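Here is a short walk through the structure shown below. Keep the viewer open as you read, and look up each residue as it comes along.

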Amino acid sequence: MPTPHISAESGAVAPDHLDEAFRLCASLTAEHGRTYDLAARLLPEQRRHAVHALYGFARIVDDIVDVTDVDDPAAAARGVDDAYARLHAALEGDPGALDQTGLVVRALTATITRYGIPVEYFDAFLRSMRMDIPGTAEHRVRYRDMDELREYMYGSAAVIGLKLLPVFGVDDVDAAAPYASTLGEAFQLTNFIRDVGEDLDRGRVYLPTDLWTAFGVDDDLLRAGRSHHRPDPRIRRALAHAVALTRDRYRKAEPGLDLLPPRIRPGISTAFVLYGRILDEVEHSGYQVLDRRVAVPRHARLSVALRQAASGMRIRRPKSVLDN
């Protein structure tokens with residue numbers, strides 16, 4: 001992997017160890033975010049490294065919540081608070097220790113400074129992560145309806161899209177923001193549908209209660225489906241409805257792709273298509289998401305990426321005399 005050359009500006013973070021920090025973020029993205037990694041490969045180098053930094057921070061915090069919370073919710077809450085404190089300290093000029101979190105925070109701080117990303121987006125993200133941890137003031141056991149879930153998704157998903165707009169160099173951020181937020185929600189809802197079984201083991205059911213109860217589904221039925229390795233028809237109908245709602249979010253977000261700079265569009269279009277394909281795989285599996293994690297096959301992911309890359313090359317092709 002080529003060494004990134006992204007320097008901190010305005011002295012917010014020391015330039016030492018930045019190469020190592022961005023390499024770590026790239027590694028985390030490649031290991032845990034296959035769709036993000038594939039889409040990021042189609043971005044210009046500087047912006048690709050910024051995406052890696054944003055993903056790397058989200059990943060280490062998500063791991064604190066998902067892994068530590070299983071045995072020690074208090075430790076998970078302390079971990080999220082520590083990530084918050086270290087980010088703000090780094091933004092004030094103190095990058096802190098050179099552990100994994102410290103390196104990721106270095107890369108993130110350089111990215112925030114370079115692109116002028118509002119820090120309140122990261123505060124909203126960390127607040128949503130605390131909503132997953134029992135014992136915190138923000139914790140939610142369940143979400144009654146989509147409005148409550150959207151409060152969580154603002155920090156966990158919508159702000160992800162908002163953070164990326166300055167990184168992508170979008171001309172009219174205000175016009176693009178609603179589409180970016182909606183696409184973040186679509187991605188997050190796709191994850192919720194795909195990960196119903198895994199989340200159930202952590203004591204979490206993200207899809208709202210009113211959606212499940214409309215089809216006669218409760219937690220006991222979900223747990224039975226996970227144990228028996230097959231979803232009850234009522235669960236299938238509920239998930240089919242969730243898929244339809246999520247596809248509507250993709251439709252509402254799609255016009256925003258045209259607001260992206262031409263060099264950026266192929267990468268985000270790749271993520272847009274591939275995340276939508278996850279919903280296809282859920283349907284093709286017969287909504288068998290309680291005991292397995294469906295995925296888009298590797299050959300299909302590569303095919304989509306290649307088509308989008310070719311589309312981007314056509315957009316950027318210099319005009320020749322033959323075009324007249």
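## The second largest pocket

In this predicted model, the second largest pocket holds about 160 Å³ of space. Two elements give two or more residues each to its lining: helix H2 (34–40) and helix H14 (298–316). If you would like to pick out the lining in your viewer, select Ala30, Arg34, Asp37, Leu38, Arg41, Arg298, Arg301 and Leu302. Sorted by class, that lining has 5 charged residues, 3 nonpolar ones and no polar ones.

Asp37 turns up again in the surroundings of histidine 52, which touches Cys25, Ala26, Thr29, Asp37 and Ala40 once residues up to four places away in sequence are set aside.

## Histidine 52 and helix H1

Where does histidine 52 sit? Its place is in helix H3, which covers residues 45–71. With a relative accessibility of 6%, histidine 52 counts as buried, because the cut-off for buried is under 20%. Leucine 108 is 56 residues away from histidine 52 in sequence, yet their C-alpha atoms are 8.9 Å apart in space.

Helix H1 (residues 18–32) is worth a look here too. Its 15 residues reach 21 Å from the first C-alpha to the last, close to the 21 Å expected at 1.5 Å a residue. The buried residues of H1 are Leu18, Ala21, Phe22, Leu24, Cys25, Ala26, Leu28 and Thr29. Among them, Cys25, Ala26 and Thr29 are touched by histidine 52.

## The nonpolar core

Zooming out, the chain has 14 helices and 0 strands. Of its 324 residues, 52% count as buried. Among contacts between residues at least 6 apart in sequence, 71% join residues at least 24 apart.

The largest nonpolar core has 100 residues, and those with the most contacts inside it are Phe57, Phe168 and Trp212. Helix H7 (residues 146–168) gives the most to this core, with 11 residues. As for phenylalanine 57, its contacts beyond four places in sequence are Ala83, Leu87, Val104, Val105, Leu108, Phe122, Phe125 and Leu126. Leu108 in that list is also the residue whose C-alpha lies 8.9 Å from that of histidine 52.

## The enclosed cavity

How many cavities of 30 Å³ or more does a search of the whole structure find? The search finds 1. The largest cavity has a volume of about 60 Å³, and its lining is made up of Phe192, Val196, Asp199, Leu200, Arg204, Val205, Tyr206, Leu207 and Trp212. You have met Trp212 already, as one of the residues with the most contacts inside the largest nonpolar core.

Helix H9 (residues 196–201) gives the most to the lining of this cavity, with 3 residues. By class, the lining has 7 nonpolar and 2 charged residues, with no polar ones.

## Helix H13 and the loop after it

Helix H13 runs over residues 265–284. Its 20 residues should span 28 Å at 1.5 Å a residue, and its end C-alpha atoms are indeed 28 Å apart, so the two values agree. Serine 269 is found in this helix. Is serine 269 buried or exposed? At 10% relative accessibility, serine 269 counts as buried. Setting aside neighbours within four places in sequence, serine 269 is in contact with Leu257 and Gln308.

Just after H13, glycine 286 takes a positive phi of about 75 degrees. Tyrosine 287, in the loop between H13 and H14, has a positive phi of about 60 degrees although it is not a glycine. Most residues other than glycine have a negative phi. Tyrosine 287 counts as buried, because its relative accessibility is 14%.

## The loop between H11 and H12

Another positive phi is found at histidine 229, at about 65 degrees, although this residue is not a glycine. Histidine 229 lies in the loop between H11 and H12.

Arginine 230 lies in the loop between helix H11 (219–228) and helix H12 (233–253) as well. Arginine 230 counts as exposed, because its relative accessibility is 55%. Not counting residues up to four places away in sequence, arginine 230 touches Gly225 and Gln288. The C-alpha atoms of arginine 230 and glycine 286 are separated by 9.2 Å, with their places 56 residues apart along the chain.

Notes:
Residues are numbered from 1 along each chain as its sequence is written. This is a predicted model: local features need pLDDT of at least 70, side-chain atom pairs count only at pLDDT 80 or more; totals for chains, interfaces and linings use all residues. Side-chain values use heavy atoms; hydrogens and water are left out. Helices (H or I, at least four residues) and strands (E, at least two) are DSSP runs, numbered from the N terminus. Buried means under 20% relative accessible area, exposed over 50%, partly exposed in between (1.4 Å probe, protein chains only). Contact means heavy atoms within 4.5 Å. The expected span of a helix is 1.5 Å times one less than its number of residues. On a 1 Å grid over the protein atoms alone, a cavity is a set of points where a 1.4 Å probe fits but cannot get out, and a pocket is an open set with protein on both sides within 12 Å along at least five of seven lines; lining residues have an atom within 4 Å of a point. Grid points are joined across faces, edges and corners, and a volume is the space filled by probe spheres set on the points. Ala, Val, Leu, Ile, Met, Phe, Trp, Tyr, Cys and Pro count as nonpolar, Asp, Glu, Lys and Arg as charged, and the others, Gly among them, as polar. A nonpolar core is a set of buried Ala, Val, Leu, Ile, Met, Phe, Trp, Tyr and Cys residues joined through side-chain atoms within 4.5 Å.
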